[in-house]
Amino acid sequence: MRQIAVLAKKEFKGYFDSPVAYVVITLFLLIAGWQFSTGMFLSNTPDLRGLFGIIRFILLFFIPAVSMRLLSEEKRLGTIELLMTLPIKDWQLVLGKYIAAYLLILVTLILTLIHFISIAFLGEPDVGATIAGYIGLFFVVGVYLAIGIFTSALTQNQIVSFILSFVIIFFFFIVDKVVFLFPGFIANILEFLSIDYHFNNIARGVLDSRDVFYYLSLIFIFLFLTVQTLESRKWK
Amino acid sequence: MISVQNLTKYYGTAPAVNNISFEIEKGTVLGFLGPNGAGKTTTVRIITCYLSPTSGNVLVDNHSIHTESLEVRKRIGYLPENAPLYLDMNVVDYINFMHRMRGDGTVDGSRIREVIATCGLEGVVHKNIGELSKGYRQRVGLAQALVHDPEILILDEPTVGLDPNQIIEIRNLIKNLGREKTVILCSHILHEVEATCNRVLIISEGDLVADGTPSELQASFEGKGRISLQVKNNCGTFLEKVINVPGIDRIINDIQITEGLHEVQLESVKGIDPREDIFRLCMNTNTVLLEMKREVTSLEDVFRQLTGGEH
């Protein structure tokens, strides 16, 4: 089990040894800050709801960028062969990498608290809603990243991995915005598949087990598929 | 120590490895020899648990690759072909990382220093692997394979792309390691195997075609010998009588270089060395022997014979 931590640490440090972490964090904060501050002054309300919407949208692009190299680069360099002959299980390896990417996004999200602090100077932001929103975001990030690591196991090309994960994430992102096109029961299913639908439930301050179950099962499914994809090499 | 049992691996419908079995004793330096694409890498990848065989089993210290893969992996240090490494990590961080990953996550600093010294990496510890030459990268690859002090070391073409000096260094390193460890060395270079290994397996198109020490293989595949001579004086008499020397089959050719100086090539029967008799004949016929050389099958000939002329 300790090896999961060792791998996660190495991967996390790798983000900061290369420009990836700095580029991701800086761009993310710039875009989120700019979008949020213009919107907030227009609506003239001291809350972070707008910010959470913006973050979910920007993550659509940033998460594939963070996750695209996780496994594809190992495949391209051939280091996957060494990694997968180490005395650790494939799922431990996937988990180690997943945790590293998650931590990078977590650091970025924590830095967005600056907006909460600045709003606190302007008015009385709702602490409960803010906490609920961040909890929702942690789940959303978990799903996006699980999809990202899955697509990075499919190919040795980072760009292909980026595009594939973007497409899959976009499906879960857009699906509740098109439900009105479909008849009732299909609309219900589509709504249940939607990331934003469950986010809004959590952000309202209700931590319903159905929403948590939805996120956790999506995370599990995509991590499971990642492990299966890696193991399929054995039988090719 | 390692027992490979009826191993078969298909890629699609083409067999890469075809029902091979062999055992490796502790302390053997095994040369795994074959032309490119013969199935060496596939076999090694199965032993290291990177691939699963279509059928068959491998036991390492009585642990099966199917049921106790982690136990198998713990005992093996593996350097894949072309030494794949993280090019943006520095040498010491990388070895440290692999040490933790191969062990239980803890670090033994003295072991890392030891490995760095063994592999001659002292001068480059803080360099990025991407900046290193091919020879140094190969050594870093070897260092990560050694860092957990494994009982078994598997090296897939460790000297490809190195210059002659580096090749000799790596070979010496392997020889030294072979004193304490079981080593499997994949190679398509014959004299590399002759120089470092005490047992050779030859594989061709997925089939195991030969198994033995380098000298055993030479002996068992030894065909007719060939003796080259340079003789002076009385060549006529000598050539008449040499055909009667026991073990001599025929005169392949006879070139007169100058008056009285001949270069002669003889074919000898398998397994007999007639050089002493030829020498005596020269004395009896008062012929001056300037040069005599016997050639028998080299491992290279064995290899060509077995693998269909490809090198």
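**Briefing: sheets and contacts in chains A and B**

In chain B, strand S6(B) and strand S7 (residues 152–156) run parallel and are joined by 4 bridges. The model is a predicted one. The points below cover a sheet of chain B, a second group of strands in chain B, a residue of chain A, and the contact between the chains.

**The six-stranded sheet of chain B**

- Within the parallel pair, Gly77(B) has Leu153(B) as its bridge partner in S7(B).
- Helix H5 (residues 134–146) of chain B packs on the sheet and touches S6 and S7 of chain B. The direction of this helix makes about 165° with that of S6(B).
- The sheet is open, has 6 strands in the order S6-S7-S8-S3-S9-S10 (chain B), and shows mixed pairing.
- Strand S6 (76–79) and strand S10 (207–212) of chain B each have a single partner strand, so one side of each is left without a neighbour in the sheet. These two strands stand at the edges.
- On average, neighbouring strands of this sheet are turned by 15° against each other, direction ignored.

**Strand S11 of chain B and its partners**

- Strand S11 (residues 225–232) of chain B is joined to strand S13 (residues 261–268) of chain B by 8 bridges, and the two run antiparallel. Val231(B) has His262(B) as its bridge partner in S13(B).
- Strand S14 (residues 288–295) of chain B also runs antiparallel to S11(B), with 7 bridges joining the two. Here Ile227(B) has Arg294(B) as its bridge partner in S14(B).
- In a regular strand, side chains alternate between the two faces of the sheet.
- The covered face of S11(B) holds Gly225(B), Ile227(B), Leu229(B) and Val231(B). Its uncovered face holds Arg226(B), Ser228(B), Gln230(B) and Lys232(B).

**Leu59 of chain A**

- Leu59(A) is part of helix H3 (residues 49–67) of chain A.
- Leu59(A) is buried, because 24 other C-beta atoms lie within 10 Å, and 20 or more are needed for that label.
- Not counting residues up to four places away in sequence, Leu59(A) touches Val140(A), Val141(A) and Tyr144(A).
- Leu59(A) and Met84(A) are separated by 25 residues in sequence and by 30 Å in space, C-alpha to C-alpha.

**The contact between chains A and B**

- Chain A brings 21 residues to the contact and chain B brings 22 residues.
- On the side of chain A that touches chain B, helix H1 (2–17) and helix H5 (79–83) of chain A each supply at least two residues.
- H1(A) gives the most to that side, with 7 residues.
- The residues of the side of chain A that touches chain B comprise 10 nonpolar, 5 polar and 6 charged.

Technical notes:
Residues numbered from 1 in each chain as written. Chains lettered and ligands numbered in written order. Predicted model: local features only at pLDDT ≥ 70, side-chain atom pairs only at ≥ 80, totals over all residues. Buried ≥ 20, exposed ≤ 12 C-beta atoms within 10 Å, placed from the backbone. Pairing = 2+ DSSP bridges. Contact = placed C-beta atoms within 7 Å. Nonpolar A, V, L, I, M, F, W, Y, C, P; charged D, E, K, R; others polar. Axes fitted to C-alpha atoms, helices over the stretch in contact; angles between N-to-C directions.
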